[in-house]
Structure formats: structure tokens, C-alpha cells
Amino acid sequence: MRLGLVGAGFMARGLINQVVNSTPGMQLTVVCNRTPAKAHAAVGDVGAQAEAAESLRDVERIAAAGDVAITDDIALVAGSDAVDVVVDATGAVAFGAELALACFAGGKHLVLLNAEVDATLGPLLATKADAAGVVYSGADGDQPAVQMNLIRFVRQIGLEPQVAGNIKGLQDPYRTPTTQEGFAKRWGQDPWMVTSFADGTKVSVEQALVANAAGLTVPRRGLYAMDHTGHVDELASRYDVDELRALGGVVDYVVGAKPGPGVYVMATHDDPKQRHYLELYKLGTGPLYSFYTPYHLCHFEVPTTVARVALLGDPAIRPLGAPRVDVVPLAKTDLAAGTVLDAPGGYHYYGEAERAEVTHAERLLPLGLAEGCRLLRDIPKDGVIGYQDVEVPSGRVVDRLRAEQDQMFFGSPAARTPESARA
């Protein structure tokens with residue numbers, strides 16, 4: 001199977017190495033990056049031959065020779081007959097939305113290492129993929145898909161997941177690229193991306209994806225987010241089972257638990273006979289039983305999803321239908337009117353998970369649309385930012401798509417003006 005990759009950052013470089021040197025039966029045919037020199041370097045570093053491509057014919061010629069085409073034009077990825085599956089490893093919402101539309105138009109399956117675009121537009125993009133007859137999927141190795149695999153396992157053996165959780169080592173909503181610069185430099189990562197891990201934005205995005213794929217919700221804005229330095233199994237006694245059942249199951253995360261950085265599912269079983277067996281098999285007496293995966297291996301696992309999508313037509317994780325959970329921005333510091341909001345993982349805001357119906361009813365700004373918006377009024381530290389607080393840049397595809405998603409699932413766009421709402 002033939003893979004087209006968009007992005008040449010930290011995760012993309014690992015994936016290039018994995019496909020080229022450790023995945024028999026899979027060929028990396030083209031890498032697209034806005035800075036082609038970085039793509040050339042990433043391919044060359046793993047011992048493969050790279051060549052610039054200016055046309056679809058170039059891509060097909062280079063791929064036929066067993067080499068990797070390099071371009072900065074997504075049309076040469078989405079439109080090439082030498083590509084079966086495209087992986088988006090950019091993490092950019094606006095660009096990711098345009099790439100998704102191009103892939104669907106070109107008949108290409110799409111695997112996301114871009115949780116941000118999925119959290120913002122996933123329910124709509126999934127319907128557009130279906131209409132195009134292609135598969136839309138998150139990637140194994142990212143914690144949402146690892147959780148979804150565990151959820152499927154738990155359901156298959158007859159238990160009902162009540163909590164799907166993520167294990168974090170740090171949570172401080174006020175971290176910035178300045179505070180995270182040293183860590184990022186040590187590992188060769190982007191300080192802004194590292195900050196989104198530390199400030200809780202990334203885990204909120206990831207848990208929104210799990211909720212939307214598994215039909216779960218959030219107990220409150222920001223989740224329970226407990227601190228727990230013991231083993232993850234001990235969490236079985238810390239959740240209120242009646243509350244979980246009443247909510248229909250929730251997503252959550254815990255800070256400091258072991259083994260990390262893995263994922264967990266807390267599940268119930270209604271059959272006393274089966275509960276007897278679960279106790280015999282050392283899972284405790286219930287009512288919550290703990291299941292966990294002690295690791296997620298990021299780019300190492302992505303080829304599994306590419307194969308799953310190409311050979312079986314089966315997504316690792318994708319939205320079920322209407323959005324259940326969104327992510328909204330809250331101010332990291334007092335923000336003055338006139339501030340143009342920066343990107344997630346920056347200096348202006350952190351993200352928290354919120355129920356999608358609340359996001360829509362209160363006209364809260366989706367985190368994935370915040371970058372580039374100009375504040376119309378002062379926002380206090382920890383204040384949530386809504387559409388009424390910002391001027392949205394004109395002409396953005398992502399805003400049009402978000403309005404289409406809102407219309408599809410809620411009957412109206414949340415970004416409407418007060419005048420249009422009255423009309």
C-alpha cells in the first residue's frame with residue numbers, strides 16, 4: 001500500500017523512519033511540507049532517496065522508481081494515483097480542513113495525526129468522507145485510538161465502559177512556550193506543541209475525540225482531572241458509579257497515576273455470574289473493573305492504522321455522529337480587548353473539554369477556531385471565550401465548515417450574529 005504524508009515535523013520524521021525501515025509492504029511515495037527542504041532532510045536521514053516533484057506525473061515516476069517525491073503542494077498528494085492513504089501529521093486546524101477536503105475529492109483515505117482538526121470538525125468531515133466513499137480515521141499510537149481499541153475490547157467481552165481515561169504526568173494550565181522551551185529543545189520538539197501537552201489543551205482535545213467516537217460525555221467542564229500517584233487500578237474506588245451511570249459514561253484524565261503515559265477504562269458488568277469470574281481473574285470485586293494499556297507508541301503504531309484503513313476499510317477511531325464534546329478556550333492571563341489570539345499551546349489560552357450542546361447554546365468559541373480571532377472586550381484570567389467576545393477573520397474555510405457542522409447537528413450555526421438570530 002502506498003502512503004502520502006503531509007508534514008515533516010517531529011512525529012512525521014518518526015513515521016517516515018518507521019515506514020521506510022520497519023514496515024514491509026508499505027511504500028512512502030510522497031511527502032508534502034510547506035518547507036520542502038525539511039521533507040528532503042527527513043527522508044534523507046532514514047536512508048531513502050528523495051526527489052522534488054512539480055507535477056502528478058513526477059510523483060508517479062518517482063514512486064515507480066521506489067523513491068520519495070517531495071512537494072509543497074497538497075494537490076500532488078491528494079490527486080496522485082501513487083497514493084492510497086494520506087496521513088495528516090500537521091496539527092494545523094485550518095490547513096487540516098483544506099487537506100481533508102482535498103483528500104475526499106481525490107478519493108483518498110485519510111488518517112489523522114491531527115487531533116485538533118478532528119475535535120473541531122470531525123463529525124462533519126466523517127460525513128463528507130462517507131459521501132466520498134473513503135475512510136476517515138484517527139491513528140493508532142495516539143491516545144484516543146488506543147483508548148478506543150480498549151473500549152472495543154471491554155465492550156466485546158460484555159462490560160460497559162463508564163470511564164475512558166488518559167494518564168498524564170503534568171497539568172498546569174498556565175504553562176507557555178517559554179516555560180517549556182528547555183524540554184522541547186531536549187527532545188527536538190516544537191515548544192508550542194509541548195505547551196499544549198502541559199497546559200491541558202491536548203488532553204482535552206484527545207478526550208473530546210474519545211467521547212465523540214464512543215458516545216460518552218464529560219461530567220463537567222474540564223473533567224474530573226484527579227491527582228493520583230498510585231496505580232491506575234486504585235481509581236476504581238474513586239469514581240461515583242451511580243453518577244457515571246446517570247451520565248451514560250464519561251471521559252476523563254488523571255495526573256500522576258502509574259503506569260503512565262497510558263490509558264485506562266473503568267467498566268461495569270451487570271451479570272453476577274460474570275462478576276464472580278472477574279474476581280477469580282484478579283480484577284477485584286467491582287462494581288468498577290480496571291483495564292489499562294500502559295503505553296502509547298505514537299508513530300510506531302500509525303502504519304497499523306494505514307493498513308487497517310487500506311485493507312479492511314476500518315477506522316481506528318472516528319466520530320459516531322453528532323458531536324458530544326467540544327473543546328473551548330479559557331484565558332491563561334488577563335487578556336485586553338484588541339488582542340489577536342495566538343495558536344493553541346501559546347501564551348493566551350488553554351483548552352478545556354465541554355459538552356457540545358453547552359458550547360453551541362452558549363455560543364462558546366471552539367478552540368480550533370480561536371487562532372487569529374481579535375478580542376472585542378477584556379477577558380479575565382480563566383474566563384471562557386465566546387463568539388460574542390471576538391471578531392472572527394473573514395473568509396476562513398474552517399468557519400464555513402464549522403457553521404455547516406452546527407447546522408447539520410444543531411439546526412443553526414453558533415457563530416450567528418444577534419441580528420441574524422432574532423431574524
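Throughout these legends, a residue is buried under 20% relative accessible area, exposed over 50% and partly exposed in between, with a 1.4 Å probe and only protein chains counted. The model shown here is predicted, so local features need pLDDT of at least 70 and side-chain atom pairs count only at pLDDT 80 or more, while totals for chains, interfaces and linings use all residues. Residues are numbered from 1 along each chain as its sequence is written, and side-chain values use heavy atoms, leaving out hydrogens and water.

**View 1. Two loops joined by E362 and R221.** Welcome to the first close-up, where E362 and R221 form a salt bridge (a side-chain nitrogen of Lys or Arg within 4 Å of a carboxyl oxygen of Asp or Glu). The closest N and O atoms of E362 and R221 are 3.9 Å apart. E362 sits in the loop between α14 (356-361) and β15 (374-375), and R221 in the loop between α10 and β9, so the pair ties together parts that are 141 residues apart in sequence. Helices (H or I, at least four residues) and strands (E, at least two) are DSSP runs, numbered from the N terminus. Both partners are partly exposed: E362 has a relative accessibility of 46%, and R221 has 28%. The loop between α10 (201-214) and β9 (226-227) also holds L223. That leucine has a positive phi, near 70 degrees, although it is not a glycine. L223 is buried, with a relative accessible area of 3%.

**View 2. A buried pair, D140 and R308.** The structure holds 18 salt bridges, and this view shows the one between D140 and R308. Their closest N and O atoms lie 3.7 Å apart. D140 belongs to the loop between β7 (136-138) and α7, whereas R308 belongs to helix α13 (residues 302-312), so this contact ties together parts that are 168 residues apart in sequence. D140 is buried at 3% relative accessible area, and R308 is buried at 16%.

**View 3. A salt bridge inside helix α15, and a network.** Look along helix α15 (residues 397-410) to find R402 and D406, which are four residues apart and therefore separated by about one helical turn. Their side chains meet in a salt bridge of 3.4 Å, N to O. R402 is buried, with a relative accessible area of 4%; D406 is buried as well, at 3%. Elsewhere, E51, D58 and R61 are joined into one network by salt bridges that share partners.

**View 4. The bent helix α6.** Helix α6 (residues 115-132) spans only 21 Å between its end C-alpha atoms, where a straight helix of 18 residues would span 26 Å. That expected span is 1.5 Å times one less than the number of residues. At L121 the helix bends by about 85 degrees, and a proline, P123, follows within four residues. The bend is the angle between axes fitted to the seven residues ending at a position and the seven starting there. Of the 18 residues of α6, 13 are buried, so the helix is largely enclosed by the rest of the structure. After α6 comes G133, with a positive phi near 75 degrees.

**View 5. Aromatic rings of F153 and F291.** Rings of Phe, Tyr and Trp (its six-membered ring) pair if their centres lie within 6.5 Å; planes under 30 degrees apart are stacked, over 60 edge-to-face and the rest tilted. By this rule there are seven aromatic pairs. One of them is F153 with F291, an edge-to-face pair at 6.3 Å centre to centre and 70 degrees between the planes. This pair links distant parts of the chain: F153 in helix α7 (residues 143-156) and F291 in strand β12 (residues 289-293), 138 residues apart. F153 is partly exposed at 40%, while F291 is buried at 10%.

**View 6. Two cis peptide bonds and an exposed lysine.** Most residues other than glycine have a negative phi, and most peptide bonds are trans. K258 and P259 are joined by a cis peptide bond, with omega about 0 degrees. P259 lies in the loop between β10 (250-255) and β11 (263-268). Another cis peptide bond, also with omega about 0 degrees, joins G286 and P287. P287 is in the loop between α12 and β12, and K282 lies in the loop between α12 and β12 too. K282 has a positive phi of about 70 degrees although it is not a glycine, and this lysine is exposed at 72% relative accessibility.
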